Amino acid sequence: MGRRGWLPVWPLVLLGLNSALLLAMSGSADYEARKWILGLVANVIGLSVTLWAAFQRGVPARQRRPWKFFAAYWMLLLASATFMMAAFRDPAHQDMTMMIPGAMLWVAAGIPTLLALLSFPVRRMSGSERIRFGLDMATVCGGGFIPLWFLVLAPVVGSDWDTRHAFTIAQPIEHLLLIFVASAVLLRAGITSVRHPLAIILSGQAVIAVGVVWVAYLMVQGGTMPGVPLDLVLQGGTYLLVLGMAVQVRNAGRTDAETVAGPNTRRPALVPYVALGLGYSCLVAAAFGREAGLWAGMIGGALVMTGAVAARQIFALRENHHFVVRDALTGLASRIFLHDMLHRAVERTKRTSRPTAVLLIDLNGFKPINDKYGHAAGDELLTAFGARLGSCVSTGDTVGRLGGDEFAVVLPDVTDAMSALRVADTIIATCVEPFTVADHEVLVGASIGVSINGDGEPLTGHELLRRADVAMYRAKQHSAGNAYLYDLSMDIDPDSVPEPTPMPGLSTDELAELDRLRSRIADLERKGLSAAGAMTESVSR
């Protein structure tokens, strides 16, 4: 995947150090005050990273806006930790005049977090997508509400209400809302580069929510705070948030796939199913000790039915995803997925200055074979050619079928045009061997157009494809089995037929042999002969 795909390690290292310090301080008289010092350090680190993401140059203002709100979130947490540290300065006496403002600031930090999540750009959705999205969000909300009700709200509703209860339930409800909004934004994220940070931030919010609900539950039940285990959970969630900010700093400046058009080519989201499992786990917990036989049967049956429905939906979503990103006949990338990968490759070129090349391939002699042996044989030939095409490229390259007998290859991060031409040469060479279709051996050639966005040209994926198409048309004009590299003269003088682009990496003898094979393929195509017919004709001569 490359270095750019790695997670920043340092927030995880800091989390490990923080956890070790918490464990080392366990049992000390001034543990509470010292743990807030560690919280203060974590908030300073989070604020620093977030400010870096919010004011990095070259990033559009729209993408920086959420991180400015997150900076306000860290500032409020920093102020809260300062008050709490002062409140526990004397282990024998907790200063409530400091503790109450600290707790209020901690709750208030949810407001800029909410504003930050709502500031992320989201993609437009079709009517059916909006319905699915609404159902997913209802599942997330219901799945989150069940444990909140089970652990916190139900005991409060069943008791005498006072001001303490209001503060107890405010934090869990706030974090449930944040998780709901974060899930919604993640499912609709319109910029690829913020999806990973959002997913990590959602995980961090979920971990913090576990700690908050744990605190609220113990307060409602009148239990004793567990100390280090609870603090490890809360600090773990905090450093996950820091990790999300660090990933955003790494991704800053990326503009690939800013607006996701058409069907989403990513795998289906599993967030609603996680929420479903969370809700049912609470139902199972509620069943213990309460007419176990009756509850176990009812909830067991509900679990089996819901699990089967959820599994069927996941399978259907994955199957639909496969249909979107894969060509039904050849199994190669579909037109939609190919365009998506080309767009990403072009945007990566803007960041890395490493060129992206496009090969557009048209089969020569396909129509006579399709007409002579039937459409089933034609489909068999396309599938076989697609398999050979896939063997000619490297991992990370994208091979797709645009339709009919037209294929395309996206080569990200190529060294230069000669590297792309070597791939084209390999593809042409594979056509020398006959294909077996409908119990007949047949030969087809490949005309290939090559385009590349080197030399700092700010080309779009659409323009790269257009240029490759122009070059491919020139290759077909000249003769079968040629590859042409696009140059501007092809648009300036559309009637000219230049010499084919020389193939790199071949000796003089190999070039002569390749020319002989190309001429032979062209001759076969003009006569509409199969490989077996060609051999018979050669013997008779």
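The following dialogue examines a predicted model, its central sheet and a pair of helices.

The model is predicted: local features need pLDDT of at least 70, side-chain atom pairs count only at pLDDT 80 or more, and totals for chains, interfaces and linings use all residues. Residues are numbered from 1 along each chain as its sequence is written, and side-chain values use heavy atoms, with hydrogens and water left out.

Visitor: How many helices and strands does the secondary structure of the chain come to?

Guide: Helices (H or I, at least four residues) and strands (E, at least two) are DSSP runs, numbered from the N terminus. On that basis the chain comes to 19 helices and 7 strands.

Visitor: What percentage of the residues in the chain is buried?

Guide: Buried means under 20% relative accessible area, exposed over 50%, and partly exposed in between, with a 1.4 Å probe and protein chains only. The chain has 541 residues, and the buried share of them is 46%.

Visitor: Among contacts between residues at least 6 apart in sequence, what share joins residues at least 24 apart?

Guide: A contact means heavy atoms within 4.5 Å. Among the contacts in the chain between residues at least 6 apart in sequence, the share that joins residues at least 24 apart is 73%.

Visitor: In what order do the strands of the open sheet stand?

Guide: Two strands pair if DSSP finds at least two bridges between them. The open sheet has 5 strands, and its pairing is mixed. Their order is β2-β3-β1-β6-β7.

Visitor: Which strands stand at the edges of this sheet?

Guide: An edge strand here has a single partner strand, so one side of it is left without a neighbour in the sheet. The two strands in that position are β2 (398-403) and β7 (483-485).

Visitor: By what angle are neighbouring strands of this sheet turned against each other on average?

Guide: Axes are lines fitted to C-alpha atoms, for helices over the stretch in contact, and angles run from 0 to 180 degrees between N-to-C directions. With direction ignored, the average turn between neighbouring strands of the sheet is 20°.

Visitor: Which helix packs on the sheet and touches β1, β3, β6 and β7?

Guide: Helix α14 (residues 375-391) lies across β1, β2 and β3, at about 15° to β3. The helix that touches β1, β3, β6 and β7 makes about 145° with the direction of β6. Its residues are 461-478, and it is α16.

Visitor: How many residues of strand β1 are buried?

Guide: On one side of β1, Ala357, Leu359, Ile361 and Leu363 are buried, and on the other so are Val358, Leu360, Asp362 and Asn364. Both faces are thus covered. The count for β1 (residues 357-364) is 8 of 8.

Visitor: Which residue in β6 stands opposite leucine 359?

Guide: β1 runs antiparallel to β6 (residues 445-452), with 8 bridges joining them. Alanine 357 has isoleucine 452 in β6 as its bridge partner. On the β3 side, where β1 pairs with residues 406-411 in the antiparallel sense over 6 bridges, leucine 359 stands opposite valine 409. In β6, leucine 359 stands opposite valine 450.

Visitor: What is the relative accessible area of valine 450?

Guide: Valine 450 lies in strand β6. Leaving aside neighbours within four places in sequence, its contacts include Val358, Leu359, Ala471 and Tyr484. Valine 450 counts as buried, and its relative accessible area is 0%.

Visitor: Which residue in the turn of the β2 and β3 hairpin has a positive phi?

Guide: β2 and β3 pair in the antiparallel sense over 5 bridges, and the hairpin they form has 2 residues between the strands. The residue in question is partly exposed, at 41% relative accessibility. Its phi is about 60°, and the residue is glycine 404.

Visitor: Is the crossing of α1 and α9 left-handed or right-handed?

Guide: Helix α1 (residues 10-25) and helix α9 (residues 228-251) pack at about 165°, with axes 9 Å apart. That makes α1 roughly antiparallel to α9, given that angles under 35 degrees count as roughly parallel, over 145 as roughly antiparallel, 65 to 115 as roughly perpendicular and the rest as oblique. A crossing is left-handed if the near helix is turned anticlockwise from the far one by less than a right angle, and right-handed if clockwise. The crossing of α1 and α9 is right-handed.
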